[in-house]
Amino acid sequence: MKPRFVETFVPPAATFLLTTAAAEFGIRAAGVSPLLLPTPSAVARAALQHAPTLLPALAMTAQAVAIGLALSIALGLLVAIALSTSRWVERAFYPYAIFFQIVPIVAIAPLLVIWFGYGMRAVVAAAFIVSVFPVIANSLAGLLSVDPALRDLFRLYGASGFARLWKLSLPWALPNVLTGLRIAAGLAVIGAIVGEFVGGGGLGVVVLEAMRQQRTDLVFAAVLHAAALGLALFAAVNATSHFALRRWHTQETEP
Amino acid sequence: MSRLAASKRAVAIGMAALLAIPACGGEDAATRATAGKVALALNWKPEPEFGGLYEAQRMDAFAKRGITLELTGGPGAPVVQMVEAGKVEFGIAAADEVVLARDRGADIVAVFATYQTNPQGIMVHAARGLHSLADVFAAGGTLAVEPGVAYTKFFEKHYDLTKMKIVPYGYSIAPFLGDPTLAQQVFVTAEPIAARRQGADPQVFLIAESGFNPYAAVVITTGARARAETKRLADFVAALREGWRGYLDDPTLANALMGQLNKEMDADTFRLGAAAQQPLIEDAFAKQSGVGAMSLERWATLGRQLQELGLIGAAPAPRDCFVQVETLQSPPEPLR
């Protein structure tokens with residue numbers, strides 16, 4: 001257990017300490033105005049001082065991200081399954097799924113407020129819109145890459161469509177689905193914060209307020225909280241992946 | 001450790017990259033200075049609030065003083081940071097931003113205050129029959145304002161806002177048009193005119209009514225530049241004042257010029273906006289002391305108010321916040 005722990009945590013911790021120290025000394029030595037680039041220690045101070053604002057905001061953003069991401073997983077998977085049923089369906093609808101990838105969320109964010117009203121629903125919608133495409137694209141790639149020999153085998157034994165989906169295609173596609181989720185998790189955080197810029201609440205509003213009040217240190221502190229949320233989600237997907245796949249897929253069983 | 005020197009350079013490069021994006025001029029301050037050029041970062045699209053600048057450009061008020069002025073920036077440009085970093089010589093900001101910047105350790109000073117009365121207000125539907133800001137807040141409903149603006153904090157301190165649902169303003173009047181109980185922040189020269197054209201019957205209460213009245217569309221520069229280049233600064237402000245005099249007398253040509261740069265605003269809105277802002281720019285004080293002039297009392301009041309709101313640590317010395325160019329009576333002391 002111990003060597004594994006060292007292997008996992010020491011390299012990123014070392015990177016963190018080195019870059020933080022370099023930034024701290026670099027910014028101090030260069031005499032950069034705190035308005036332009038705050039030192040890591042100033043950011044840490046702002047984070048502590050404004051914890052009563054930052055933590056509830058983080059909880060609010062996390063809630064919107066969780067709901068948006070859950071919707072992305074559910075609807076994204078359903079869409080991918082539907083698209084994988086036939087080449088014709090895929091050709092007819094996949095180009096429109098790509099719409100979600102290229103939609104400029106910043107541009108349509110104000111419309112979300114008009115459609116969904118101010119508050120959580122607009123924020124969830126923004127998180128969903130930016131995070132659903134990676135789920136669709138990766139799941140679909142997985143569903144379509146099922147080994148033809150195995151597909152033939154299922155057909156030979158007269159397996160029903162549902163059995164083929166449940167016992168072959170979905171398990172086969174699981175690593176791809178999880179890759180899609182890793183990408184979607186980070187994007188959902190970005191989507192939620194852009195949604196909050198227009199819909200209100202959460203870290204998005206903290207960022208806007210801090211910018212207005214020229215608290216660059218607080219802007220960075222809020223951004224770090226958002227990053228932490230993204231990392232936590234990434235870790236959650238990885239943990240899920242590990243538990244779901246450790247018995248089957250080589251990438252999870254290797255030490 | 002060479003790592004440290006490298007990181008110092010990396011920081012400088014990263015910052016330059018960060019700040020160069022909105023500055024889009026391509027030239028740096030040193031190159032501009034030798035060519036007699038200066039850059040001014042706007043904080044919004046060309047609209048009547050910048051009328052005097054464009055009129056000064058149009059009538060060569062800068063050129064005949066040997067100044068080539070490049071207008072840059074736009075909505076969302078980090079103007080105070082651009083000025084502080086020396087990316088541009090001048091910028092447009094609000095007076096409260098000057099005080100905040102000084103509190104955060106940046107040596108920013110105001111040299112010209114376009115609006116004596118702050119042109120921002122709260123717009124409501126006239127059908128609600130409200131008569132004051134106090135009425136608006138007592139009536140409840142949604143209030144759309146940019147998060148973090150100082151006047152919201154001021155409202156929270158001096159009125160009861162518990163009945164209001166405060167949401168971010170997204171620079172679109174569509175939510176206002178669709179919601180009869182929505183109140184939103186406006187620039188009197190823009191949104192109310194647009195709302196009226198869309199068939200709404202808007203009514204505006206200026207935020208100044210609350211007693212919070214920072215100068216707006218203030219031209220800023222750094223204290224160091226103001227001290228080092230008094231003659232050039234005096235020329236710059238003189239040209240600006242000449243431009244504003246011209247725009248206040250007849251905004252037609254400058255409006256046409258701005259209309260070409262900002263196609264979203266039509267000629268009629270430009271005309272109405274210019275008329276609406278006239279009394280806010282040229283009040284009794286400006287008539288006596290000149291357009292753009294500032295007073296020590298106003299800066300003192302603003303500093304005190306921002307301190308009371310907890311937005312700054314200690315109120316700055318009012319004389320450090322601005323430079324009255326005519327007399328250069330208050331060259332600011334170096335910061336720290």
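**Tour of the strands in chain B**

Select β5(B) and colour its residues by the side they point to: Q120(B), I122(B) and V124(B) face one way, G121(B), M123(B) and H125(B) face the other, and all are buried. The model is a predicted one. The strand spans residues 120-125 of chain B, and six of its six residues are buried, so that β5(B) is mostly covered, where buried stands for 20 or more other C-beta atoms within 10 Å of the residue's own.

Next, add β8(B), residues 182-187. Four bridges join this strand to β5(B), and the two run antiparallel. To find the register, pick M123(B) and look across to Q184(B) in β8(B), which stands opposite.

Now add β9(B), residues 202-206. Here five bridges link β9(B) with β5(B), again in an antiparallel arrangement. Label V124(B) and Q203(B): the latter is the bridge partner of V124(B) in β9(B).

Leave β5(B) and turn to another selection: β2, β1, β3, β10 and β4 of chain B. In that order these five strands form an open sheet with mixed pairing. Its edges are β2(B), residues 68-73, and β4(B), residues 108-115, each of which pairs on one side only. Looking along the sheet, expect neighbouring strands to be turned by 25° against each other on average, with direction ignored.

Finish at the β4(B) edge. Which strand do six bridges join to β4(B)? Select residues 216-222 of chain B: this is β10(B), and it runs antiparallel to β4(B). For a single pair to display, take V109(B) and T221(B), its bridge partner in β10(B).

Terms used
Residues are numbered from 1 along each chain as its sequence is written. Chains are lettered from A and ligands numbered from 1 in the order in which they are written. This is a predicted model: local features need pLDDT of at least 70, side-chain atom pairs count only at pLDDT 80 or more; totals for chains, interfaces and linings use all residues. Two strands pair if DSSP finds at least two bridges between them. Axes are lines fitted to C-alpha atoms, for helices over the stretch in contact, and angles run from 0 to 180 degrees between N-to-C directions. A residue is buried if 20 or more other C-beta atoms lie within 10 Å of its own, exposed if 12 or fewer, and partly exposed in between; C-beta atoms are placed from the backbone.
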